[in-house]
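Trainee: May we work through a structure together, one question at a time? I should like to see how each answer is reasoned.

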Amino acid sequence: MNTENLELTQEWDKVFPQSDAVDHEKVTFHNRFGITLAADLYKPKDAQGPLPALAVSGPFGAVKEQSSGLYAQTMAERGFLTIAFDPSFTGESGGTPRYMNAPDINIEDFQAAVDFLSVRDDVDPERIGIIGVCGWGGMALAAAAADPRIKATVASTMYDMSRVTAKGYFDAADSAEARNQTRAATAAQRTADYRSGTYAMAGGVVDPLPEDAPEFVKDYYAYYKTPRGYHPRSLNSNDGWTVIGGSSLLNGPILSYIDEIENAVMIVHGEAAHSYYFGKDAFAQLKGDNKEFVSIPGASHTDLYDGGENGAIPWERITEFLRANLG
């Protein structure tokens, strides 16, 4: 198994301040498709013995210098060894062509992160969990269904990317006719891309922001297009995915078997989030008394990216859950 030599930025270029309570380093690991992934590793200073560990990723179209890195660093401050990684084809990770995604590859990215953590001397392989933010919350649930090594899963402000791709927001486009129109448009784009030799880009968060934009689009703008969350490698901050990049999500529901997850799961969602129904419906599928749903009054979708103005991320609740299930 070969690991690609990636060019990794060594300077601190996150959208959040560096903590003096943890050690930080850049690391790489590979998935079973041969793609080398880049990650930031955070470890509590002066930590002793094998530690419980967490792999973190998301949101969908973000990079590890944004929300996932904040989650990883914060949980390292609370005693976990953590990594925040860039998914395949994005950020500092490998994979060509760029800005593509596929549920099987992205779920594999989480499992590959578990591979990496499992063989470290400073990690207890029986105490590994994952955190997925936004679209990676759904990927985290799918990974937990596939991999019993994942002893605890937190899905924060989650999206089911396969559902929204196939059915539209609030399932408003849930028909064979609508899906076939999408398939036809994607097929035509594939022909055009092959003819041109380049992949058309879908664009990131809309900019400039229309006055009549939905509130959740304004929330995305306030995170990805301002100093609060803008990052030059972030897809959502810039040109977005390729137009055909996520086409496989249309035909592959990723949460079909989450009712078979035996290990612990926590779903955290803001009550004011447009995406709240994803979290509620996913939680309704789960079984067992080791599953928790945490609803945050008044919190929007992006408030759980970084806490927003009112510190919406329930750090203590998440920490309590992970300590109880990872030790």
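The following exchange concerns salt bridges, one strand and one pair of helices in this predicted model.

Trainee: How many salt bridges does a search of the whole structure find?

Mentor: A salt bridge requires a side-chain nitrogen of Lys or Arg within 4 Å of a carboxyl oxygen of Asp or Glu. A search of the whole structure on that basis gives a total of 25.

Trainee: Which residue forms a salt bridge with Lys45?

Mentor: Lys45 lies in the loop between β2 (36-44) and β3 (51-57), and its partner lies in strand β1 (residues 22-30), so the pair ties together parts that are 22 residues apart in sequence. Lys45 is partly exposed at 40% relative accessible area, and the partner is also partly exposed, at 36%. The closest N and O atoms are 2.8 Å apart, and the partner is Asp23.

Trainee: Is Glu92 buried or exposed?

Mentor: The side chain of Glu92 meets that of Arg233 in a salt bridge, at 4.0 Å from N to O. The pair links distant parts of the chain, with Glu92 in the loop between β4 (81-85) and α2 (103-118) and Arg233 in the loop between α6 (215-224) and β7 (264-270), 141 residues apart. Arg233 is partly exposed at 22%. Buried means under 20% relative accessible area, and Glu92, at 7%, counts as buried.

Trainee: Which residues are linked with Glu92 and Arg233 in a network of salt bridges?

Mentor: The network holds both Glu92 and Arg233. The other residues linked in it are Asp13, Lys14, Lys26, Asp40, Lys64, Glu65 and Asp86.

Trainee: How many residues apart in sequence are the parts tied together by Arg149 and Asp115?

Mentor: Arg149 and Asp115 form a salt bridge whose closest N and O atoms are 2.8 Å apart. Arg149 counts as partly exposed at 29%, and Asp115 is partly exposed at 35%. Arg149 lies in the loop between α3 (135-146) and β6 (150-156) and Asp115 in helix α2, so the separation in sequence is 34 residues.

Trainee: Why is β4 described as largely enclosed by the rest of the structure?

Mentor: In a regular strand the side chains alternate between the two faces of the sheet. In β4, Leu81, Ile83 and Phe85 point one way and Thr82 and Ala84 the other way, and all are buried. The strand is therefore largely enclosed, the number of its residues that are buried being 5 of the 5.

Trainee: In β4, which residue is the bridge partner of Ala55?

Mentor: Strand β4 is joined to β2 by 4 bridges, and these two run antiparallel; here Asp40 stands opposite Ala84. Strand β4 is also joined to β3 by 4 bridges, and these two run parallel. Across the pairing of β3 and β4, the bridge partner of Ala55 is Ile83.

Trainee: Through which helix does the chain cross from β3 to β4?

Mentor: The path forms a β-α-β crossover, and this crossover is right-handed. The helix on the way, residues 67-77, is α1.

Trainee: What is the relative orientation of α2 and α3?

Mentor: The contact between them is made by residues including Ile107 and Phe110 of α2 and Trp136 and Met139 of α3. The axes are 9 Å apart, and the helices pack at an angle of about 70°. Angles of 65 to 115 degrees count as roughly perpendicular. The two helices are therefore roughly perpendicular.

Key:
Residues are numbered from 1 along each chain as its sequence is written. This is a predicted model: local features need pLDDT of at least 70, side-chain atom pairs count only at pLDDT 80 or more; totals for chains, interfaces and linings use all residues. Side-chain values use heavy atoms; hydrogens and water are left out. Buried means under 20% relative accessible area, exposed over 50%, partly exposed in between (1.4 Å probe, protein chains only). Two strands pair if DSSP finds at least two bridges between them. A crossover is right-handed if, with the strands pointing away from the viewer, the path from the first strand over the helix to the second runs clockwise. Axes are lines fitted to C-alpha atoms, for helices over the stretch in contact, and angles run from 0 to 180 degrees between N-to-C directions. Angles under 35 degrees count as roughly parallel, over 145 as roughly antiparallel, 65 to 115 as roughly perpendicular and the rest as oblique. Contact means heavy atoms within 4.5 Å.
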